[in-house]
Amino acid sequence: MTDQRTMTQGLLHSALRFPLVTATVVVLATVAVLAVTGLIPAAQGLASIFALGVALYRAGTMIKGLLHGRWGIDLLAVMAICSTVAVGEYLASLIVVLMLAGGEALEQFAQGRATKELRALLDRSPRNAHRERPGLPVEDILVDAVAPGDVLLVRPSELVPVDGILMSNVGIFDESALTGESLPAERTRGELLLSGSINGADAVRMKATATAAHSQYSQIVALVQEAAASRAPTVRLADRYAVPFTLVALVLAGAAWFFSQDPGRFAEVLVVATPCPLLIAAPVAFLAGTSRAAHAGIIIKNAGTLEQLSGVKTAVFDKTGTLTQGNPSLAGIRVAPASNLSEDALLHLAASAEQYSTHVLAASVIAEARARGLALVPATSASEHATNGVTADCGNHHVVVGKPAYVGSLVSGFDMTALPGGHLGIYVGVDGRFAGTLIMSDPLRPNAKDTLTELRRLGVAETMLLTGDAATTAQHIAAEAGISNVMAECLPADKVTAVAALPLRPVMMVGDGVNDAPVLAAADVGIAMGAKGATAASESADVVIMVDDLSKAAAAVGIGQRTLRIARTSIWTGILLSLGLMVMASLGMIPAVAGALLQELVDLATILNALRALGPGRSVASVQIAEGRGVNTAPAHHRVQSGGHGPGLE
């Protein structure tokens, strides 16, 4: 009984949602009954009046469409309805009306299916939070009322309402909606929690660091909504296809009428000429591709970017935090011979100054100092020089930390340190004299080489490494990854110039989304690895990867290629099938009723094909990368160029 009630409610909901479809079915059934009982004039009259009424209504839409440059579906459909009524094919006129109304219903269904992941994001948006205040019971508030600094309680299986810092010792969180990573993530005290992630089995406490509007989840939703509303060049191209398609249909229908002297031929051709695939299939494919990317933790900001990704010919990579793991460890400390500092004292002063740096390596220096039990000294004054280093007055010492050229220009007795392959140096000056070098090791990501191999398989002909690091370090990393072109010791302006000069385009730049903002904006497609501090709202990037996984860059290219291939296949399949049916109809081989039914099948086939963009469509190589396997290939020839700014930190 419950199942029957549910089914009845579902049918009623569908009937109310698509009233024209419902009315057409009712009229069609009534006409069929009248025809069977021999009341042919009444059946024809009812069908003709209803069909012409719909045609008159759709004429208004047709005029609006023509004024906005949208040809095809309304113009041809209205003409098909009028012509079938005129030649007495009243059943065909009703089927055309049903096809028109059903096409709109099918479009809504297809778009709903294509945006499943996007709607899931909206449906999961946090709405409530539990705020703790000293001496007061926990209060339930709307998520929009949360302010930075509020202490919040997150109960088991609840959504994290805003971005914040974990105050409990440990917590387990499902971040799959944000990153695409299905495995639960373990977070410890002091780590960042992202809004939209799901708490595990234990209640935890957190301190809000952002409002709901400025939290990660809201930014992702905003980006996805922007992407869903955008139109790719291929979609606009499909609109233009409708213009010559309409003219061909009218010419063919007129020729069939002229040569056969049968006005019914005109109606029969127009019945099979409605180009729904042109106007529906391509947008559905791009919505599906964007949704597929969001499911994989890849936020693509607009449909045009998806099309650009499909044609990428050159891939450029940042080094630290992109090709490498971004968690460098201290491999050694070399104190300058003229310095009277110990290794721990040198590390202590360097870490104290690095508190005021935003560079990715600063956190590693600070973490190493704390691991050795060294309490950091607050600075009375500090200044960071972007991409070069930081100066700070820590206690009684003036400390300089950064690249060799920067440090060497501010201290005396500077001496370049010979570094092992794959290592980098952080140079330190104290009280105007060179004090020593911190030697850091930042290994290549395990899947970096396989990602480069997959990009080459996808048609990316040229790869390049752009870094501010020393040429020896850059060359070592490039050799491990299999990158064919290296430009080392770059300032941000050098990176922008290098990307602009690349001949094979489109150019894809993959970086961390913070230090590489200028070059990400300069590339045809900028991809930000957003898992380590770069927010999803980065204005510089076209694509944001929400999981700390380099292979997603190759996955984004693969999704773009597959989406574009499916969109074009849907467009041309619809065109060719419709043209074939029109030719057959012009020769009198397809009656009007059969033609209307066949055209509906063409629409259905092309739209279902467009929905294939929702699927993964991954190759064996992509699966191997995701699982950490993959086939290693020999490194390509490497060419190292020096930007002339001295080796050191990126």
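Which residues form one aromatic cluster with Y427? They are F414 and F434. Hello everyone, and thanks for coming along. What we have on the screen is a predicted model, so let me begin with confidence and then walk through some local details.

The average pLDDT for the protein is 79, and 78% of the residues reach at least 70. Two stretches deserve a warning. Across residues 533-537 the pLDDT stays under 50, although the model gives that stretch 16 contacts beyond four places in sequence. Residues 618-650 are also below 50, and there the model has 90 contacts beyond near neighbours in sequence. Where pLDDT is low, the predicted coordinates should not be read in detail. Please keep that in mind if you are tempted to zoom in on those contacts.

Back to the aromatics, then. The structure contains 5 aromatic pairs. In one of them, the ring centres of F258 and F259 are 5.2 Å apart and the planes meet at 80°, so this pair is edge-to-face. And are these two residues buried or exposed? Both F258 and F259 are exposed.

A little further along the chain we come to helix α10, residues 263-271. This helix is mostly covered, with 8 of its 9 residues buried. The buried set is G264, R265, F266, A267, E268, V269, L270 and V271. You will notice that R265 and E268 are on that list. What caps the N-terminal end of α10? That is D262, which places a side-chain oxygen 2.9 Å from the backbone nitrogen of G264.

Next comes helix α11, which covers residues 276-295 and includes R292. Here is another arginine to look at: R292 counts as buried because its relative accessibility is 15%, and the cut-off for buried is under 20%. So who are its partners? Setting aside residues up to four places away in sequence, R292 touches I559, A613, L614, G615 and P616.

Let me contrast that with a residue in helix α3, residues 40-67, where L46 sits. With a relative accessibility of 32%, L46 counts as partly exposed. Beyond its neighbours within four places in sequence, L46 is in contact with V27, T30, V31 and L34. Taking one of those partners, T30 is 16 residues from L46 in sequence, and their C-alpha atoms are 8.7 Å apart.

Now for the sheet. How many strands does it have, and in what order do they come? There are 6 strands in an open sheet, ordered β2-β1-β3-β9-β4-β7, with antiparallel pairing. The edges belong to β2 (136-142) and β7 (192-193); each has a single partner strand, so one side of each has no neighbour in the sheet. If we look further in, strand β1 (residues 128-133) runs antiparallel to strand β3 (residues 151-154), and 3 bridges join them. To find the register on your own screen, start from H130, which stands opposite L153 in β3.

Last topic: cysteines. How many disulfides does a search of the whole structure find? The count is 0. Two cysteines are still worth a glance for their surroundings. C82 counts as partly exposed, at 33% relative accessibility, whereas C394 counts as buried, at 2%.

That is my tour. If you take one picture home, let it be α10, with 8 of its 9 residues buried and D262 capping its N-terminal end. Thanks, and I am happy to take questions.

Definitions and conventions. Residues numbered from 1 in each chain as written. Heavy atoms only, no water. Buried < 20%, exposed > 50% of the residue type's maximum accessible area, 1.4 Å probe, protein only. Helix = DSSP H or I, 4+ residues; strand = E, 2+ residues; numbered from the N terminus. Polar contact = N/O pair within 3.5 Å; in protein donor to acceptor, adjacent residues only side chain to side chain. Contact = heavy atoms within 4.5 Å. Pairing = 2+ DSSP bridges. pLDDT = per-residue confidence, 0-100. Phe/Tyr/Trp six-rings, centres within 6.5 Å; stacked < 30°, edge-to-face > 60°. Disulfide = S-S within 2.5 Å.
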